[in-house]
Amino acid sequence: MPAATTPRFVRADGPDKVTGSGRYTADLTLTGMLAAKFRYAEIAHGRITRLDVSAARAMPGVFAVLTADDVPDVRFGPFVQDRTLFARDVVRYEGEVVAAVAAVNATVAQLAVDAIVVEYEPLPVITDLEAALAGDSLLVHDGWAGYGAGDPVVRDRNDASFSSITKGDVDAGLAEADHVVSSRYVADGCHAAPIEPRAVLAQWEGNKVTIWTSTQVPFDARAGVCETLEMPASRVRIIVPHLGGGFGGKCGFHYEAHIAALARAAKRPVRLVFSRREEFFAPDRRREGMIIDVQTGVRSDGTITARKAWIAIDNGAYTTDAGFFSQLAAMHVSGPYKIPNVHIDAHLVYTNLQPSGSVRAPTAPQACWALESHTDEVAKAVGMDPVAFRKLNAVDTGDIGPSGQTYGEIGVQRCIDEATALVDYGQALPDDEAIGVAIGWWPSFSVPSGAYLKIDGDGSAQIITGAQECGTGAVMTLRQLAADELGMNAEDFELVYQDTSVAPYDMGATGSQTLFNNGRAVVAAAGQVAEQLRSLAAEFLEAAPADIVLADGHAHVAGSPTSTVSIAELAGIAAGSELLIGHGSGTPPAAPPLAGSSCVGDLGMAAFVAPQFSCHAVRVRLDRDTGVVRVMEVGTAHDSGTIINEMGALGQVEGGVMMGIGQALTEGAQYDADGHQRNTGLLEYKLQTCADSPVIRTHFVQIVTPDAGPRGAKGLAEAPNVATAAAISNAIAKLVGQPVRQLPMTAERVWKAMQS
Amino acid sequence: MTFTIATTLDDALAAMAAGARPVAGGSDLVVAARHGKAPLPGSIVAIDRLGDLAQITGTADGVRIGALATHATLMRHPLIVDSYPGLADASALVGSPATRNVGTLGGNVMNSSPAMDTGAPLLALGASVELRSVTGTRIVPLGELWTGPGRNVAAADELCTAVLIPAPATARGTASSSAYVRLEYRRAMEIAVVGAGASITVAADGTVESIAIALTAVAPTIISVTGLDAFVGKPLDVAALAAVGAIASEQASPISDLRASDSYRRHCVGVMARRAAEAAARRAGGELIAIPVNRAFGIGAAR
């Protein structure tokens, strides 16, 4: 196996993005292109009593106006098929699309949207999770029982997906505890908030459509178009220009089919470009609000005997990929702890709010925030230092986790030691400062993925991959993996990517899976080309293929550095005979076995493949007069297995921490009683800025992990977004004297906690 | 739409007399239009090339700040930093470096937002604006300028050409200074949740000779705190500062919105008034407190 990758991070997309020469979807124009606009429900719940688009259709400059009547009557959704492209009869959240217009420009399109007549019979707006779960609650979906759904999905009325984890006897475990600590935490929903609002451009040629779109998951987007417009995959091509961030918000299938249908009806290319407000309130992809009731039994010596929890997750109006959130949230409220007796119930609850969906580490920042804040309360109840309490109870190599998984070599204990050392935990601090500590975990996602690799006659090489770059640099790092296999430089490889008609399948920039799965595929593809090169070199240098070493752009015979031929020369020879082409997929690691636990509504999240662990330790300062909290310093330690690209990995951790600080302190979607989101702009939805950034120090606990990604790597992109808010909460609780039980912990909420 | 680029002040005033609205940095006008708050006016005259209006000049009476002076200029200008640091504090907090490079003092004042940062220190400093039109020039004290959110007494054809700040007291042994502090949830691209500007003159013995405080984002306009005469002739000690804060809280009439509840605003504006008064008094006493005060002590200070 080649030596560790160079620390240099070569970003093929860097110059394009920095100089402005790169093209994003909204930059693209085609001859005759029309502008698309949507008519949204603008009310959270109502029955459509009148929908009249005739005036809009008659307007000059309007080429197409579509409603549910103009597309196939298909209900779709990855877990529960409760969604349609356009509202049918009932609208269930304010951002639901009722109609779509294509017109000569955006101004005319908006005039046509405004000319559409829609009347509603208002229905009660359901936003309260506990009330929605009550047996007599009004239903968000009257027809829920008739919807198609995956077999393991357990549904009942407004509960779109119920999941439980049971291990041992939780009541007996609580009975044998010396202390039982009960806590309730409530997390508001929040947003991925990518800087690029999404855009889609569609063009038909004959019966084939090409769609340029700002998606993180091109193959998923293609599948959505095929399903809803009833077309085979061979007639749909998805191309992603540079993507301006996603953070999960651009996972899933969203508007590609609407725009394709408009372009077909208009017989012209059609482009949609979202405003910032639309990016906030319309897509079915919001970080889910959550209520967490958690109870832990503990002996006086600090040993946890049992944990019981009840979780309600805001699904919003439709079930996107949130189907597995109930099980994932249950895992995060269990936490990476040795607990003999566990019972956790989690419900995914329909409301009349924007649908929830995977935003970077879905369910984890909120559930970890609740659990780890609770953990500090438990430690306090037995008079233990919270770090010592975690050291005592956190899982270690060989331990059995809360869902019955036995771990191989893992680094959570080392992460606690390293992160706390980075911020000098235990140091004397001014009375307005404190350090909070939290641990978290996250699975790696094992899925199929493919890539090709070729070297052309002039020696230049290409990686043709289905993988999607969303800014993490994971696709960029593929070049380094290939270079190391072939004894070449990363710069020698061109990337051809983000085009479903060119490359084999990949799940996309989702689930921290790009390097984990596609890395394996690229290594396999490069390995095939390496074999070809060794065979050619063996013939050329009159040696055995097994003795050929590929290094520094050359093939040479082991032990005879002067017996050498350049890879470019070999490529020239190959160009006249058998071409240098490799393909790879690699075998995804299997899910580890579970023992001694049972799960209802098991959607594959109880067993963590190549589990990642982290500890974040955060020093904060509190302005006691106002409740304003500032994060001064963060120490993080991550066990994500082998780190392949350290500079890229540090970027992921630092970005995850900044996102976590925003979730902890300043973000949060705010709604009025009618289900309208009020802060749909970047002034009122306060992301953290560079000026707010603390000092962030990171240590990677590198364990070469078997049954994982290339070279023993695990995933990394989501794990840094798990524990930051929790660590901040624990620091605030030390300063305030009690936790702030609602997320985000805004200055006003902190101030109110100080008054009570 | 018509768009005229004025090359002389007379051009600009003529365009305004014909109905044009002025644009300088555009950081309010353009942003409001893009957010759908207010459409762009049908006729616009660009005044950003009127270099004379960007001058900052010390005069016998104080300082004359051309309306086109940018926030980035004001936050570093020696005359402002030395004699009117409260205005520098406020200028340094506006938006981001990009906003401060294009945003102008005249634009900030005439936009007449109750949340504007420069308004409170200017009002506390007793500043006026110079309004010109084709028919003449008049000076309007800031206390008489603003009439409500986004509203002021300027006629449609009047252009703000300068902001005038009177000289600080120079009587023997006295020293004056000012400060502006705001409640903010993040350190860039932020708008004041509440804020307070203070201008204070202290006598040689440390007692207060004069004190003026103005408040941001707690009323339909920037407002002056009244009834501070009771502090004159006394030291501004901890108890006095607390009393200043209490008076400011009492006189605020804040609203509840996305940024804060009315009760939290009322509490916090007292904290801001106390801190602004303390910073201004300490500066008057010769202490060097870096600009902006928000980064120097209180909220989020480095140390």
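A polar contact is a pair of N or O atoms within 3.5 Å, where, within protein, one atom must be able to donate a hydrogen and the other to accept it. Keep that definition in mind as you open this structure, which is a predicted model, and begin the tour at the place where its chains A and B meet.

**Stop 1: the interface of chains A and B**

Select chain A and chain B together and look at the boundary, across which the rule finds 14 residue pairs in polar contact, both residues of each pair being at pLDDT 80 or more. On the side of chain A that touches chain B, the element that gives the most is helix 18 (residues 747-755) of chain A, which supplies 3 residues. Sorted by class, this side of chain A has 9 nonpolar, 5 polar and 11 charged residues.

If you now show every residue in contact, you should find 25 residues of chain A against 28 residues of chain B. Which residues of chain A lose the most area to chain B? They are A:Asp625, A:Lys686 and A:Glu748, and together they account for 22% of what that side buries. Between them, chain A and chain B bury about 2,200 Å², with 52% of this area on carbon and sulfur atoms.

**Stop 2: salt bridges, across the chains and within one**

Side chains of opposite charge can pair when their charged atoms come close. Between chain A and chain B the count is 5 salt bridges, and to see a salt bridge in detail you can select A:Asp625 and B:Arg274, whose side chains meet at 2.7 Å, N to O.

Over all chains, a search of the whole structure finds 46 salt bridges. For an example inside chain A, select A:Arg277 and A:Glu42, whose side chains meet in a salt bridge at 3.1 Å, N to O. A:Arg277 lies in helix 8 (residues 276-281) of chain A, while A:Glu42 sits in the loop between strand 1 (34-40) and strand 2 (46-52) of chain A, so this pair ties together parts that are 235 residues apart in sequence.

**Stop 3: two helices of chain A**

Next, select helix 10 (residues 364-381) and helix 11 (residues 386-393) of chain A, which pack at an angle of about 100° with their axes 9 Å apart. Because of that angle, helix 10 of chain A is roughly perpendicular to helix 11 of chain A. To see what makes the contact, show A:Glu372, A:Thr375, A:Asp376, A:Val378 and A:Ala379 from helix 10, and then A:Pro386, A:Phe389 and A:Arg390 from helix 11 of chain A. By class, this contact has 4 nonpolar, 1 polar and 3 charged residues.

**Stop 4: a strand residue**

Move on to A:Glu494, which is placed in strand 20 (residues 493-497) of chain A. Leaving aside residues up to four places away in sequence, A:Glu494 touches A:Ala461, A:Gln462 and A:Ile463. A:Glu119, by contrast, is 375 residues from A:Glu494 in sequence and 54 Å from it in space, C-alpha to C-alpha.

**Stop 5: details of the backbone**

Where is A:Pro744 found? Look in the loop between strand 29 (742-743) and helix 18 of chain A, where the peptide bond from A:Leu743 to A:Pro744 is cis, with omega near 0°. In chain B, the peptide bond from B:Ile291 to B:Pro292 is cis as well, with omega near -5°, and B:Pro292 is in the loop between helix 11 (262-284) and helix 12 (293-296) of chain B.

Finish with A:Arg157, in the loop between strand 7 (154-156) and strand 8 (159-167) of chain A; A:Arg157 has a positive phi of about 55° although it is not a glycine.

Notes
Residues numbered from 1 in each chain as written. Chains lettered and ligands numbered in written order. Predicted model: local features only at pLDDT ≥ 70, side-chain atom pairs only at ≥ 80, totals over all residues. Heavy atoms only, no water. Contact = heavy atoms within 4.5 Å. Buried area = accessible area lost by both parts, 1.4 Å probe. Salt bridge = Lys/Arg side-chain N within 4 Å of Asp/Glu carboxyl O. Polar contact = N/O pair within 3.5 Å; in protein donor to acceptor, adjacent residues only side chain to side chain. Helix = DSSP H or I, 4+ residues; strand = E, 2+ residues; numbered from the N terminus. Nonpolar A, V, L, I, M, F, W, Y, C, P; charged D, E, K, R; others polar. Axes fitted to C-alpha atoms, helices over the stretch in contact; angles between N-to-C directions. Parallel < 35°, antiparallel > 145°, perpendicular 65-115°, else oblique.
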